[in-house]
Amino acid sequence: MAQLVGLETLMPTGAQDMRAALDEQGCSSSSCGSSSGPDDMPAEIWEKVKDHPCYSEEAHHYFARMHVAVAPACNIQCNYCNRKYDCANESRPGVVSEKLTPAQARRKVISVANEVPQLSVLGIAGPGDACYDWRKTRETFELISADIPDIKLCLSTNGLMLPDHVDEIERMNIDHVTITINMVDPEIGTKIYPWIFYQNRRWTGLDASKILHERQMLGLEMLTARGILTKINSVMIPGVNDEHLMEVNRVVKSKGAFLHNIMPLISDPAHGTHYGLTGQRGPRAMELKALQDKLSDGTKLMRHCRQCRADAVGLLGEDRGQEFTMDLVADEVEYDPTKRETYREVVAEERGQHIAARQKGDVALASVEADQAMLVAVATKGGGRINQHFGHAKEFQVYEVSPAGVTFVGHRKTDQYCEGGWGEDATLDGVIEALEGVRVVLCAKIGDCPRESLSAAGIEATDAFAHDWIEAGISSWYAQEHASQARQIA
Amino acid sequence: MAYKIITSQCTVCGACEFECPNAAITLKNDLYVINPKKCTECEGHFDVAQCAAVCPVPNTCVPA
């Protein structure tokens, strides 16, 4: 299974299928290309990803993940990480407010499962490295699987100690592993990793990056050989590895990675990281999209990553972690599967409707006479619908629409870190800046003031498609837009 | 002949406890401490003190 399956091909729609068929280079015909959605990929793979919000863009509208911070020890230093940092208002990888023992993690996960029916995935993703601090990772997964057998287990690692644990990963049925790979050229690695700890000593410079690179490649190959789905995370660091990520993409794809997720560097002097303190900047949203577009050829990328906290709880766009801190979790907990089971039945039904609406939208789009692709931003609370008030949106989901169909391309966050004290105008300016390149915002409701400010900045905003399915609303807007343009020309 | 942890700088990640060949490092009241009676500075085990080599914060595991 040495092929990368694109998120887009996980999503069942007519136009998507056509594009998937065009993008099949390197695919064996037995594993993709048939008519609809789940059939685009081997059934066993669809079964693995259909409820995983990080591995399936379609699933992330419905399902939630939670991370437990049980493995705080790490064996490498990255220039974008400062291990001392902790802030309850921050949302970015590696940040966490409380570290848990495996037994505490069990109580917390069961409490969440009883309250959050969308929960489908339990991940261990820092701070620290899940494979280095392996005993705690293993104990946590074993405890929780005993109570909630159907929860999907997922871990994230820098890869250095991964090869030592692949057999146990397979035995424990951990079928999703994320490796952070920022380079396949150790020379570039020297600008990202000041040191690693391996075989009882600290390595620096080129030696450190060579060892890390070799171990990452070995780990990836071992996972692929066992059929474990692998996601590669790469941090895009302008001027350091941005162009090199094309090569990283090529190499990880050839070694069987399932998904490639390019994440923007988050860099701020206040975080105390090496990059933050030395003024290394992160990429702008359009720079990130340009790289993703160059890499993707329409497939093979994860674009809906929210770079969540290491103790995040909930749908990808939200974090309910503060509702489940250990002081709020009961001493004795018992798992009650009712809510999760009911929710799954509802989702199965909703998904059917969602797919039907998409297909209808694609048919409408195909008849539009235009060749211009446009970016549309959507305010949503989840469930795949346009259902959030403009003013409540902390992020917008961005789709590209053309007669070929509607494709998810990413999200734009609008909340600034520690925003308190800013005026409303400053916030709206921030929103407008975040919406660079976007033609229209679809939301459940919007006031006249922000609508006029957006309009002055060349961005249309409308609640005409409130509560529609996202893709259906976008298709209708695009069709209307072109109908009105055609009238103007006539 | 022992190391100590500068607790004001420690992130309590536990990597040192994990690596110590003498089980000299334990968590006490949410802080890691090195038992000087057990610490050998890794002599006879490794070329360098493991706690200092793995610690993510510079100058935090230091000779007492």
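1. Which helix of chain A lies across β2, β6 and β7 of chain A? In this predicted model, the helix in that position is α8(A), which spans residues 205-225. Relative to β7(A), helix α8(A) runs at about 105°. The points below begin with the confidence values of the model, return to the sheet beneath this question, and then turn to a helix pair, a second sheet and the contact between the chains.

2. As regards confidence, the predictor assigns the complex an ipTM of 0.95, together with a pTM of 0.74. For chain B, the average pLDDT is 93, and 100% of the residues score at least 70.

3. The strands crossed by α8(A) belong to an open sheet of three strands, with the order β2-β6-β7 in chain A and antiparallel pairing. The edges of this sheet are β2(A), residues 76-77, and β7(A), residues 201-204. Each of these two has a single partner strand, so one side of each is left without a neighbour in the sheet.

4. Within the same sheet, the pairing of β2(A) can be followed to individual residues. Strand β6(A), residues 195-198, is joined to β2(A) by two bridges, and the two strands run antiparallel. A:I76 has A:I196 in β6(A) as its bridge partner.

5. A helix pair in chain A also deserves attention. Helix α4(A), residues 102-115, and helix α5(A), residues 134-147, have axes that come within 9 Å and cross at roughly 35°. The crossing in which α4(A) passes α5(A) is right-handed.

6. Which residues of α4(A) and α5(A) meet? On the side of α4(A) they are A:P102, A:A103, A:A105, A:R106, A:V109 and A:I110. Their counterparts in α5(A) are A:K136, A:E139, A:T140, A:L143, A:I144 and A:D147. Sorted by class, the contact between these helices has seven nonpolar residues, four charged and one polar.

7. A second sheet in chain A is open and has five strands in the order β14-β13-β12-β15-β16, with mixed pairing. Its edges are formed by β14(A) and β16(A), the latter covering residues 460-462. Because each of the two has a single partner strand, one side of each is left without a neighbour in the sheet. On average, neighbouring strands of this sheet are turned by 25° against each other, direction ignored.

8. Strand β13(A), residues 395-402, pairs with two strands of this sheet. With β12(A), residues 374-378, the arrangement is antiparallel and rests on five bridges. With β14(A), residues 405-413, the pairing is also in the antiparallel sense, over eight bridges. A hairpin through two residues joins β13(A) to β14(A).

9. A:V398 is a useful residue for tracing these strands. In β13(A), A:V398 stands opposite A:A377, and A:V398 also stands opposite A:G410 in β14(A). Another opposing pair is A:F396 with A:R412, the latter in β14(A).

10. Finally, the contact between the chains involves 13 residues of chain B and 13 residues of chain A. On chain B, the helices α1(B), residues 15-19, and α2(B), residues 50-54, each supply at least two residues of the side that touches chain A. The largest share, three residues, comes from α2(B). By class, this side of chain B has nine nonpolar residues, three polar residues and one charged residue.

Notes. Residues are numbered from 1 along each chain as its sequence is written. Chains are lettered from A and ligands numbered from 1 in the order in which they are written. This is a predicted model: local features need pLDDT of at least 70, side-chain atom pairs count only at pLDDT 80 or more; totals for chains, interfaces and linings use all residues. Two residues are in contact if their C-beta atoms, placed from the backbone, lie within 7 Å. Helices (H or I, at least four residues) and strands (E, at least two) are DSSP runs, numbered from the N terminus. Ala, Val, Leu, Ile, Met, Phe, Trp, Tyr, Cys and Pro count as nonpolar, Asp, Glu, Lys and Arg as charged, and the others, Gly among them, as polar. Axes are lines fitted to C-alpha atoms, for helices over the stretch in contact, and angles run from 0 to 180 degrees between N-to-C directions. A crossing is left-handed if the near helix is turned anticlockwise from the far one by less than a right angle, and right-handed if clockwise. Two strands pair if DSSP finds at least two bridges between them. pLDDT is the predictor's confidence in each residue, from 0 to 100.
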